[in-house]
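Let's work through a few short exercises together. Have the viewer open and try each task before reading its solution.

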Amino acid sequence: PFWLSPKGCCLWQTPPGKTSERHNAMHIVYAVTTCSDRTYAALFQDCPQKPAFQSQKYHRLLIEGLSQWAEVDVAATLPVNRANCGQMLLRLPPETEGGARYHYAPASRQPLLKALLGALGTYRNVSTLAKKGDAVFVDCLNCTTALFAQLAARAKGCRCVGIVTDLPEMLGGSRPYLALTGRVIRGCTDYIFLTEQMNSRLNPSGKPHLVLEGHADISMADRDPGAVRKASPRVCLYAGSVCRLYGLPQLVEGFRMANIPDTRLVIYGPGDYVEELKAIAEKDPRVQYGGMLLSAQVVEKEMEASLLINPRPTDEEYVRYSFPSKTMEYMASATPVLTTRLPGMPKEYYPYVNFIDDESPRGIARALEAVFSRTEADLLRQGQAARDFVLKERNNRVQAGKILEMLRITERS
């Protein structure tokens, strides 16, 4: 059934136990390294080294979803560094976007000063914004900010909800980073995980948790995919971390092997494979590296493409504990998706995507040929069905409602 929020936003589905009243009594302080979309564009629009847009988008969508059900204040640390910011000290005033209020800690491009300002600014903001009984959300992988938010939450008598989007040891951090991140995770009272395998590994004491593989942007429901003209020649697109670990070399080699005329492979994002990719693109005009774009620009490119690809290998241990957020973004665009059979992907997704079952370059080539052997009308139907599924069942407001329902249930028990 449809539910009309007090903000006039039409949700596709009512989360379990949700009534038509907004839970004004529930107040959330969300401590994270992020910023509003307009601030992100203002700071990084012309910067070639943009902060990771997938992380920015994950948290921005969840913040926006939560703000439809509760009062949300964001204790934000700006994602600046030497590569993307020319100012030694950056101070921004509070602002409101997507129903949430953003409160920024002072920031610096100098690493040690940045860490100190972020930690102290986060502690001050959480201490000021939170009151007893509130829920403080933290990004556990950003351990310094999360630790000081957690300390403030404990001092104020608040629950601390830890968001864990990857296993810390899979990120290649130092021993002190892993120790601090482990402490932050253990100190949370509740968890949001991407997969059940992650819960089994990180939550041995069985604290309250919710497994949400991600969330699609409900605002995509306002877009008409049929009004977007597909690029010609056809485009196979990958957007995300351009890393060897994520199967990009196999994708590029497989694409070059495939017999799919009038088709280009375009790749966007940062990573350790970029320089090698640029060298290949100089020799083969069918392969292009598009650099880094703003999130909204990436979505436009995804809607113009003929096929969106995620070649992430399934034999690596880390894939059991992750669910790429690009899967949701891809599906919401209504462009058909080709992906490996990731162990963290629920089987509900299977009818809506195409699979790479042989992850060698030759296997990827065969998978590409199989997809493009289908009629355009068939591919359009599959893309639209995928879009309908994620925007109805996995949009950011529905997923946020599930989180708050978990908090209400555990609060009563």
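Three exercises follow, each with a worked solution.

This is a predicted model, in which local features need pLDDT of at least 70, side-chain atom pairs count only at pLDDT 80 or more, and totals for chains, interfaces and linings use all residues. Residues are numbered from 1 along each chain as its sequence is written, and side-chain values use heavy atoms, with hydrogens and water left out.

**Exercise 1.** Find out whether Gln56 is buried or exposed, and what its side chain reaches.

Solution. Start with accessibility: Gln56 has a relative accessible area of 6%, so it is buried (under 20%; exposed is over 50%, partly exposed in between, with a 1.4 Å probe and protein chains only). Next, follow the side chain: it reaches the backbone oxygen of Cys35 at 2.7 Å. Finally, list the contacts (heavy atoms within 4.5 Å): leaving aside residues up to four places away in sequence, Gln56 touches Thr34, Cys35, Ser36, Asp37 and Tyr40.

**Exercise 2.** Classify the ring pair of Tyr40 and Phe44, after a look at Tyr30 and Phe137.

Solution. Rings of Phe, Tyr and Trp (its six-membered ring) pair if their centres lie within 6.5 Å; planes under 30 degrees apart are stacked, over 60 edge-to-face, and the rest tilted. The whole structure holds eight aromatic pairs. For Tyr30 and Phe137, the centres are 5.8 Å apart and the planes at 20°, so this pair is stacked. For Tyr40 and Phe44, 5.1 Å and 65° make the pair edge-to-face.

**Exercise 3.** Which residues form one aromatic cluster?

Solution. Look for Phe323, Tyr349, Tyr352 and Phe389, which form it together.

Conventions. A polar contact is a pair of N or O atoms within 3.5 Å; within protein, one must be able to donate a hydrogen and the other to accept it, and residues adjacent in sequence count only if both atoms are side-chain atoms.
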